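Student: I should like to learn how to read a protein structure, feature by feature. May we work through one together?
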Amino acid sequence: MKAVCATDLSAASEATIESETCLECLGRIGVDEIHLVTVIPSNVHAGMPGMNFEGRREQALDRYRRVIENAGFDVETHVVRGTPHRRITGIAGTIGASLTIVGSRGKSPLENRVIGSTARNLARTTVTPLLVNRVEREADEPDVVREHLFQRVLYATDFSENADRAFEAFSYLRHATQEATLVHVETPKDPGLPEEEDPEARLAELASQLEEWGIETRTDVRQGDPADEILAAEAEYDPTTILVGSRGHSRLRRLLLGSVSEDIVARANGNVMLVPPERTA
């Protein structure tokens, strides 16, 4: 598997790249080739005050490459200019990446205003599964969660085709997952299933698949606003990653639509993995 790791050269990106637990977990799920991508926004120029960007970029990429190669991965680097989320998405599609990784916070003078919007824009546009790697908020030297990325997964589903596609990610995540919580949110205006179908039974079917792989699994049917309830479940169960489809195609238009997944990316305390719809020709 190939993964794109988007770095903004901030302390947040460095924390993600240099985390041994993150790299070990990527290896467990089958990643063996990592493409480091740095995007210089078009409106940032080398002569801007306080921006020794060229030298800093080369030093950082060399350091990141050594760290990742020492962890046993093949590494390629890409330095491009343009709109960050568009260039990251384009490179991921071109190389056939199976996963895109981006840090969720930046503290450098440049990326304070870029990384947040980049993560949210990637949530809207990504063509590959997107892992938003959470780092400590409001920290000068941010740290990542020192647990394996997929050790405890909270999977949120509206039983749509794309939610099913997100569930299929367990086919490789299972090699790093010990515990899973399966959550469905019912809303009074938009019932997600026909009356004859029971969401508890549907979740139980999914749970049985995971338990066959030795993953300890629980189910939870909740009522209310989808994003609020998914985040409440995160607070209750403390997963290391939330797994969710980035758009739903069922009649339940409000559940797991782009705005909900963006809300989860912005507000979640831990990592978020978004699985987009299957690409069409």
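Tutor: The dialogue below takes up the sheet, burial, contacts, aromatic rings and cysteines in turn. Please keep in mind that this is a predicted model.

Student: How many helices and strands does the protein have?

Tutor: The secondary structure comes to 10 helices and 10 strands.

Student: How are strands held together in a sheet, and in what order do the strands lie here?

Tutor: Strands of a sheet pair through backbone hydrogen bonds, either parallel or antiparallel. In this model, 10 strands form an open sheet with mixed pairing, and their order is β3-β2-β1-β4-β5-β10-β9-β6-β7-β8. The edge strands are β3 (74–81) and β8 (216–223), each of which pairs on one side only. Neighbouring strands of the sheet are turned against each other by 20 degrees on average, direction ignored.

Student: Which residue stands opposite Glu33?

Tutor: Begin with the two strands concerned. Strand β2 (residues 33–40) runs parallel to β3, and 8 bridges join them. Within that pairing, Glu33 stands opposite Asp74 in β3.

Student: Which helix lies across β8?

Tutor: Helix α9 (residues 226–237) lies across β8, and also across β6 (152–156), β7 (179–186) and β9 (241–245). Its direction makes an angle of about 140 degrees with β8.

Student: Let us turn to burial. What share of the protein counts as buried?

Tutor: A residue is called buried if its relative accessible area is under 20%. Of the 281 residues of the protein, 55% count as buried.

Student: Why is strand β4 described as largely enclosed by the rest of the structure?

Tutor: Strand β4 (residues 99–103) is described in this way because 5 of its 5 residues are buried. Both of its faces are covered: on one side Leu99, Ile101 and Gly103 are buried, and on the other Thr100 and Val102 are buried.

Student: Which strands pair with β4?

Tutor: Strand β1 (residues 2–6) runs parallel to β4 and is joined to it by 4 bridges. There, Ala3 stands opposite Leu99. Strand β5 also pairs with β4 in the parallel sense, over 4 bridges. The bridge partner of Val102 in β5 is Val132.

Student: Is a residue in a loop, such as Thr126, buried or exposed?

Tutor: One must look at its accessibility as well as its place. Thr126 is in the loop between α5 (115–125) and β5 (130–133). Its relative accessibility is 6%, so Thr126 counts as buried. The side chain of Thr126 reaches the backbone oxygen of Thr128 at 2.6 Å. If residues up to four places away in sequence are not counted, Thr126 touches Thr89 and Pro276.

Student: How should I read contacts between residues that are distant in sequence?

Tutor: Compare the separation along the chain with the separation in space. Among contacts between residues at least 6 apart in sequence, 81% join residues at least 24 apart. Leu203, in helix α8 (residues 199–212), offers a case. Leu203 and Phe159 are 44 residues apart along the chain, and their C-alpha atoms are separated by 9.1 Å. Leaving aside neighbours within four places in sequence, Leu203 is in contact with several residues, including Phe159, Leu182, His184 and Val221. Leu203 is counted as buried because its relative accessible area is 0%.

Student: Is Gln209 buried or partly exposed?

Tutor: Gln209 is also found in helix α8, but its relative accessible area is 36%, so Gln209 is partly exposed. Gln209 and Phe170 are 39 residues apart in sequence and 9.7 Å apart in space, C-alpha to C-alpha.

Student: How many aromatic pairs are there?

Tutor: The count comes to 3 aromatic pairs. In one of them, Tyr155 and Phe170 meet edge-to-face, with 6.2 Å from centre to centre and 75 degrees between the planes. This pair links distant parts of the chain, since Tyr155 is in strand β6 and Phe170 is in helix α7 (residues 170–173), 15 residues apart. Both Tyr155 and Phe170 are buried, and together with Phe167 they form one aromatic cluster.

Student: Finally, how many disulfides are there?

Tutor: A disulfide is a covalent bond between the sulfur atoms of two cysteines. The count here comes to 0 disulfides. As for individual cysteines, Cys5 is buried, with a relative accessible area of 7%, and Cys25 is buried, with a value of 0%.

Technical notes:
Residues are numbered from 1 along each chain as its sequence is written. This is a predicted model: local features need pLDDT of at least 70, side-chain atom pairs count only at pLDDT 80 or more; totals for chains, interfaces and linings use all residues. Side-chain values use heavy atoms; hydrogens and water are left out. Buried means under 20% relative accessible area, exposed over 50%, partly exposed in between (1.4 Å probe, protein chains only). A polar contact is a pair of N or O atoms within 3.5 Å; within protein, one must be able to donate a hydrogen and the other to accept it, and residues adjacent in sequence count only if both atoms are side-chain atoms. Contact means heavy atoms within 4.5 Å. Two strands pair if DSSP finds at least two bridges between them. Axes are lines fitted to C-alpha atoms, for helices over the stretch in contact, and angles run from 0 to 180 degrees between N-to-C directions. A disulfide is a pair of cysteine sulfur atoms within 2.5 Å. Rings of Phe, Tyr and Trp (its six-membered ring) pair if their centres lie within 6.5 Å; planes under 30 degrees apart count as stacked, over 60 as edge-to-face and the rest as tilted.
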